[in-house]
Amino acid sequence: MSSLEIKDLHASVNGIDILKGLTLSVPMGEVHAIMGPNGSGKSTLAKVMAGHQDYEVESGEVLLDGESLLGMEVDERAREGLFLAFQYPAEIPGVSNANFLRAARQARLPDGEEIDAVAFYQEMYEKMAQLGIDKKFTGRAVNEGFSGGEKKRNEVLQMMMLEPKYAVLDETDSGLDIDALKIVAQGVNAMRSGDRGFLVITHYQRLLEYIVPDHVHVLYEGRIIRSGPKELALELEEKGYDWLKEGELVKN
Amino acid sequence: MSKDSNSGNTIEIDREEANFHYDVNYKHDAGMGLSEDTLDYISNVKGEDQWIADFRKKALSVFHKKKMPTHWASEDLDSINFDEIRYYLSAGEAPKRSWDDVPDEMKETFERLGIPEKERSFLAGVEAQFDSEAAYSNVKDAVAEQGVIFVNSSEGLAEHADIFRKWFGKVIPTGDNKFSALNSAVFSGGSFIYVPPGVKVKHPLQAYFRINAEQFGQFERTLIIVDEGAELTYMEGCTAPKFETNTLHSAVVELVAMKDAKIQYITVQNWSANVFNLVTKRGLAHENAEVRWIDCNIGSRLTMKYPGVVMKGAGARGEVISIALANDGQHQDTGAKMIHAADNTTSNVVSKSISVGEGRSTYRGQVHIPKHLKGCKNNTECDALLINSKSRTDTYPAITVRGNKHSTQHEASVSQVSEEQIFYMKQRGLSEAEAMSLSVNGFVNDLVREFPMEYSVELKRLIDLEMEGSVG
Ligand SMILES: Nc1ncnc2c1ncn2[C@@H]1O[C@H](COP(=O)(O)OP(=O)(O)O)[C@@H](O)[C@H]1O
Ligand SMILES: [Mg+2]
């Protein structure tokens, strides 16, 4: 029962079908990777799960530990424990990182309960240190004027602070140099545990050397066309996707 | 799950907090409609001198002569029916010096609004007006001993006639605009303050204007004189219950800062959505004096308010810092007037408006620097934030600078809180209202930082409430 489960999901945007019967299950405690060529629908999947208003779910289900997410508001899903590290994180002018994180943490507390500010700051500074983020960062507006790499680190920091049950990381490796990639991977690995699941979306095999997945899925034209062990990622790196596309044609 | 506040302050949030009223037996009621009889009634109740009665009557004729300014302002002004408003309502009691003596329903009103508590914690004095008259008025002994006078306008007229009369109507003449004329005809309540030379009042003096009655107009008149080298911070708050019918609030506020004096006037108003709020505010700054308006307009159906500073003495400074939040069905028509009338005078205008849903914000600025002066400076900055595409914002800056010995700077910006930003914040677990509050607070943050702490907390709380209301 404890899993992030996507069942035969069909979704469209502006009347164009993007996800065409996608089925996938990430049991709690596991790390699954989704790979796929550009435009195959990876980010669409992430946004549909999170509840983005532009995407229409035609049919199918998304269940978080057995509970359907699709009828819930975006923020409800988040508070249920779903976290999305965005491929392109939004910039929020005027809102400092510290205030933003604090508000997000406060939103998870029961009515009338106030966040412990001292403990919060202490925890934030510790986690920033783990990710090699400068202290001055707390006063800067969320993602505003951040480099690509800084934005991705910030996504991971937010994930570490919000401790979701399931985290979807959408191309968190893009824009990172190798050192930054290692730091970010360390952050993610430190969060791996028996009561958390990860869905790691990536374009390159490189990230999976540092965040070693339990399973790899290949997304192509809105469907999972292949699933396998972590070695599948290496195979993809070597042979490209064409080899699978043919397989997909055969299957149909 | 908590959907309430992310504010980090401990004040409980209740959107309806100011939306209540009490049935009061008014001893004095001028009745519906406006005529010379209405003015006589008010003068009678107050036992006013003849010159004031005459002043009122003259003002009424100016009011009748002046056209509604719908040729440049909102046509919504035509929805005000002056015959269906009561112009004077009071319990017929002098303002009390102790809350224990204030009639129950009035005392409860101000307790629910947290006034006595604020008074205890950080204010030097409070005047609490209930409809047309103050129910409570007190200034702390230490402040009174310095010679500071803080009373309502009637008491000011009666007890301090010489100084009152010297400045009354001098900063804002009756005929300044239609609503200053209306106020001059039917004014009641408001504060009269005098700060003697060199006295720096450490804590703010506060007035709270509460409208309780339906189909009513509140017309307080405030006159503040801060003598040479003295300093004062004054704060006003205002609320009213929400009625089906329209409520009118039309104040006139005149400030006089003598040589080297400093006045900071802070408004945090939170009118219900049926209030027409048409207010004239202006300060006169003598040599090296400073007048600073901090003006936060939240709520009301239509607010028209353009605080001004006339810099009459060399080296005088004027400042208007304003925040306006227009929610669905509201129009905030605000701005600033800076009149440079001496050399080396400096003015600064920073205006931030937020329009939500169908809310509408208008900025009107006027900066006047005549040719014969030198060394004058103005900085004007107006920023608008739109939350959702239906919002509307207009900017009408009028900067007339003659001559070339001056420096002026003008900046304007319009930004949007995009759906992607809201989505991002919601994905982190914030409700839509919390996400909007955070954006709005972020937008005004650099201004709010300059406010005294108590008011920045208050403002933040009001923004939270307003955002919660806007997403229903
Ligand atoms: N808002 C949108 N409007 C129109 N087309 C979109 C939109 N979002 C995604 N698409 C299309 O959906 C397909 C999948 O996009 P995306 O999920 O971003 O792919 P990936 O993340 O795998 O690169 C692409 O063809 C893309 O152009
Ligand atoms: Mg993508």
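## Close-ups of a predicted model

**View 1. The magnesium ion and its protein donors.** In this predicted model, the magnesium ion (ligand 2) gets its protein donors from A:S43, through OG, and A:Q87, through OE1, lying 2.1 Å from it. That pair ties together distant parts of the chain, 44 residues apart: A:S43 sits in helix α1 of chain A, while A:Q87 belongs to the loop between β6 (82–85) and β7 of chain A. How buried or exposed are the two? A:S43 has a relative accessible area of 22%, so it goes down as partly exposed. A:Q87 comes in at 16% relative accessibility and therefore counts as buried, the cut-off for buried being under 20%.

**View 2. The shell around ligand 1.** Here is the set of residues surrounding ligand 1: A:V13, A:N14, A:I18, A:P37, A:N38, A:G39, A:S40, A:G41, A:K42, A:S43, A:T44 and A:Y55. Sorted by class, that shell holds four nonpolar, seven polar and one charged residues. Helix α1 (residues 42–50) of chain A supplies the largest share, three residues. A:S43, one of the surrounding residues, also turns up as a donor of the magnesium ion in View 1.

**View 3. Polar atoms facing ligand 1.** Which residues put a polar side-chain atom 3.2 Å from a nitrogen atom of ligand 1? A:N14 does, and so does A:Y55. With A:K42, a polar backbone atom is involved, 2.8 Å from an oxygen atom of ligand 1. On its own, ligand 1 has 560 Å² of accessible area, and the protein covers 64% of that.

**View 4. Helix α3 of chain A and its cover.** Eight of the ten residues in helix α3 (residues 97–106) of chain A are buried, leaving the helix mostly covered. The buried ones are A:N97, A:A98, A:F100, A:L101, A:A103, A:A104, A:R105 and A:Q106. What covers them? From chain A, the cover includes β7 (92–96), α4 (117–130), β8 (141–142) and α5 (148–162). Chain B pitches in too, with α9 (419–427) and α10 (432–448).

**View 5. Two glutamates with positive phi.** Most residues other than glycine have a negative phi. A:E163 goes the other way, with phi near 45°; look for it in the loop between α5 and β9 (166–170) of chain A. A:E221 also has a positive phi, about 45°, although it is not a glycine, and its place is the loop between β11 (215–220) and β12 (223–228) of chain A. As for cover, A:E163 counts as partly exposed at 48% relative accessibility, and A:E221 is partly exposed at 44%.

Terms used:
Residues are numbered from 1 along each chain as its sequence is written. Chains are lettered from A and ligands numbered from 1 in the order in which they are written. This is a predicted model: local features need pLDDT of at least 70, side-chain atom pairs count only at pLDDT 80 or more; totals for chains, interfaces and linings use all residues. Side-chain values use heavy atoms; hydrogens and water are left out. A residue is near a molecule or strand if one of its heavy atoms lies within 4 Å of it. A polar contact is a pair of N or O atoms within 3.5 Å; within protein, one must be able to donate a hydrogen and the other to accept it, and residues adjacent in sequence count only if both atoms are side-chain atoms. Accessible areas come from the Shrake-Rupley method with a 1.4 Å probe; for residues, only the protein chains shown count as cover. Helices (H or I, at least four residues) and strands (E, at least two) are DSSP runs, numbered from the N terminus. Ala, Val, Leu, Ile, Met, Phe, Trp, Tyr, Cys and Pro count as nonpolar, Asp, Glu, Lys and Arg as charged, and the others, Gly among them, as polar. Buried means under 20% relative accessible area, exposed over 50%, partly exposed in between (1.4 Å probe, protein chains only). Contact means heavy atoms within 4.5 Å. Donors are N, O and S atoms within 2.8 Å of the metal (3.2 Å for Na, K and Ca); water is not among the atoms, so sites may look incomplete.
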